[in-house]
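The following exchange asks on what grounds certain descriptive terms are applied. Each reply sets a computed value against its criterion.

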2 protein chains.
Amino acid sequence: MGMNRKRPVTRADIAKAAAVSETIVSYVINGNRYVNSAKRQRVLDAIETMKYKPNHFARALKGKKSNHILFIADDIEGDYFGKLIREIDSIAYRSGYFVTLCADHDDDDFVQRIYSHFFDGIIIGSAKFPLQNIQRLVDAGLPLVLLEIRDYSKVNGVYGLINTGLYQGARECVKYLYDHGRKHLLYIDRIDEKGGASAIDDWRLKGFIDQLREFDLTLTDDNIITGCSSEQAIIESVRKIFSQSHFVPDGIVGRNDYSACIAMKAVKTIGLSVPNDVAIVGFDNSRLARFSSPALTSMEIRQKEIGTIIMNMLNSLIDERASFTGRIEQYLETKLVVREST
Amino acid sequence: MGMNRKRPVTRADIAKAAAVSETIVSYVINGNRYVNSAKRQRVLDAIETMKYKPNHFARALKGKKSNHILFIADDIEGDYFGKLIREIDSIAYRSGYFVTLCADHDDDDFVQRIYSHFFDGIIIGSAKFPLQNIQRLVDAGLPLVLLEIRDYSKVNGVYGLINTGLYQGARECVKYLYDHGRKHLLYIDRIDEKGGASAIDDWRLKGFIDQLREFDLTLTDDNIITGCSSEQAIIESVRKIFSQSHFVPDGIVGRNDYSACIAMKAVKTIGLSVPNDVAIVGFDNSRLARFSSPALTSMEIRQKEIGTIIMNMLNSLIDERASFTGRIEQYLETKLVVREST
DNA sequence: CTGAAAGCGCTTACAG
DNA sequence: CTGAAAGCGCTTACAG
C-alpha cells in the first residue's frame, strides 16, 4: 500500500540534480561504462546528499539481483540454527543481502512462491524438504547451498553441499560410549510436533545405526525413540524402555542437546544415576549442555564456521555460477566436548 | 543473474493460453473488476495448469505489496526470539508473507536499505535501534510494530506497540525476592559482545531499579552488572561483587535465563548454595531454566501470543492504515514460574 | 463488459 | 564518449 508514504528519491531525481541523463546515473551506479569524471562526481554527490538508494524491485525486474537470499530451516527455535542464522545474517549484511527466514512447508505452492520472489540464492537446512523440490530448484538454475542434514547424493546439478560432519559425529558418539563400556545404546530423536519420525537418511540417525552394526551390537526398534511430539512423550518412552527387562540401556545419544536433556531428566526420575548407570551424549554443544546437571557431554558443530562457508559458497554460486559444472562440497569436522554426563 | 534459469511463466503466457487479453488476467488475479465467467474460468485453469505465480517485483513496482516483512532483532540467537520468530513465520506464511530477519546495524545506510527494499511492514524487537530511525520509518508511513523492550513513548505517529510486560515483570521479580526475605539484590545484564551497557530505558533494568527504590533498598553501581562481553566477564564480575564486604547479595535477577544461569554458576564456584545463600530469578522461562540445576525460577514471556498479536497488528496496519490515527497498544502479562532456585 | 496503452524505476543494446 | 529508447512484468485509468 503506502499511499501516504513519502515518494522515494528515484534515478530521475538524481539525473536532474546532477544535470546528466538518466543513463549516466545508471552507469555510474553499476560501474559498467566509462563516464566523464566531472559528471560522475556530480552524480555521486547527488546520490550522497539526496540519500538515494536504487529501487531493488526495478533492478530485479531487469534481471539484476534482488539482494534477498532465502534460508529454509526446520528448527528455527533451536540453538543450532540460532547461531547459524546470526553468522549468516552478519556476513549477508556486509555483502548487501537481506536474509529471509522460512520454515519449510508441505504445500505445493511453496516452491512456486520461492520462484516468484526471485531470491538470489537459497540455503536449505531442513531434513524434511522434499528431494524433488530441491531438484526443481537446482534445475531452475537457482544458486543453492544444502546443509547435509540428510543424504543428498541423489540431487544432480550445480549446487553447494556442506557436510557438517553429523554422520561421523554420530558414529563417534557411539564409539565413545562403547569405548567406555556402554553396549546398550538408546537414540533419542528430536521432538516433532506432528509426531513424525526422522527419515532413515537423517545422517545422525544413520551414523548411530551404522556404528551399532559395526560393533555387532543388537539393534531393534527398542534402540531408537522417535516420533515423539512433546517432552512428555519422550519421557514416557524412555521410562517404558527402562521398565522392560530384556533391554536396559546404559548409554544414550540425543539427536540434539535438548533431546539428551529430556532423556536425562527421565532417567533421573527413574532413580538412576548419570553417568554411573547411564551415560548421555548430546549434539550441538549448546548452552543447555553447559548448564544442565550433570553437564552434558556433547558433539560440537561449528556453526560459526558453517555460516561463513555457506555464505562464501553461495556468493560464488551467485556471482560465478558459469564456472561450476557440478556440485561443490565442503567437509567440516565435529568435536566431542566431554563433560560430566559420560 | 540467472542467465540459465528457466524463463518463468508470465501473465502474457496465461493470456495466450486462456485466449484473453492480458488485462483480463490481471483483473482475475486481483479480483477488482467484473470478468466474464467463462473467461475467468479459462484464466484460472491456465494459472492452475501452468503453475503461474505473479512476479512480486513487478507488482511491487506498481505500488502493490511486496509480500515481504522485516523483523529487526538484536538477539537472534536467544530463546526469546527463537520462539517468536517461529510463531511469526508460521502466521506470516499463511498470510502470504515472507519474513526477512535482520540484526540491527549501526551504519547510516541501514534505514535507506530498508526503504529501498520496500517491505510491507516492519517489526522491531531491538533495544538498540535508534529512536530517530524509528521515527523516520513511522514518518515515511511504513507499517511498524514495536516490541516494547524499552521506552518508546517519544515516538509519535501511527504504529503498533506491544508491551510485553517486561517492566512489571522485572518489578515482580524484585517483589518476589523481597517477600522471601532477600534485600540485597543484584541485576545481571545480558552479554553484549561490544561490551555495551543496556540503556537506562531498557524496561527490565528500569523495573528492577524502580522496585528497589520503592522498597527503599540501597541502590549503587554494585547492584547492577552490565557491559560484559563474555560469560567469563560476568562470572568475574559476580565473584568480585561477592568478595566485597559492604554488599553481599542474597538475591539475583538475570535479564534473561542465560545471564541468570551464568550467575548461578559463578555463585556455585564461590561455594555458596542456591537458593539458600542466594536466590536467583531469570527471564524468558526457556529450556535453560527447566534443565539447569537447581532449576531456575523464571519470568515467563508468552512468545507465542506475542507472535500472534504482532502479526494481527501488522496486518491491520498494512491493510487498513487509513483507519488509524495514533498508536495502537496492547499489553501482555508475564507470569513467574517458580522452580528450585528461589 | 473489455482492451490498448501508459507507466512503475530501472538496465543496456543500439545508434550516434 | 553519451543519450534516446525499448523493455522487464505487472496495474489500472482511460476510452470505448
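Q: What makes the residues listed for Phe71(A) its contacts, once neighbours within four places in sequence are left aside?
A: Contact means heavy atoms within 4.5 Å. In this predicted model, Phe71(A) meets that criterion with Phe81(A), Leu84(A), Ile85(A), Ile88(A), Val99(A), Thr100(A), Leu101(A), Cys102(A), Ile123(A) and Gly125(A).

Q: Why is the set with Phe71(A) and Phe71(B) called a nonpolar core?
A: The term denotes buried Ala, Val, Leu, Ile, Met, Phe, Trp, Tyr and Cys residues joined through side-chain atoms within 4.5 Å, where buried means under 20% relative accessible area (1.4 Å probe, protein chains only). The largest such core has 106 residues, and Phe71(A) and Phe71(B) have the most contacts inside it. Another core, of 52 residues, lies apart from it and includes Ile188(B), Ile235(B), Val278(B) and Leu288(B).

Q: How many helices and strands does chain A have?
A: Chain A has 13 helices and twelve strands, counted as DSSP runs (helices: H or I, at least four residues; strands: E, at least two).

Q: Why is chain A called more spread out than a compact globule?
A: The globule rule, 2.2 Å times the number of residues to the power 0.38, gives 20 Å for 342 residues; the radius of gyration, taken over C-alpha atoms, is 25 Å, well over that value, so chain A is more spread out than a compact globule. Its C-alpha trace spans about 85 × 40 × 35 Å along the principal axes.

Q: What percentage of chain A counts as buried?
A: By the cut-off already stated, 56% of its 342 residues do.

Q: How are residues numbered and values restricted?
A: Residues are numbered from 1 along each chain as its sequence is written, and chains are lettered from A and ligands numbered from 1 in the order in which they are written. Local features need pLDDT of at least 70 and side-chain atom pairs count only at pLDDT 80 or more, while totals for chains, interfaces and linings use all residues; side-chain values use heavy atoms, with hydrogens and water left out.

Methods: Buried means under 20% relative accessible area, exposed over 50%, partly exposed in between (1.4 Å probe, protein chains only).
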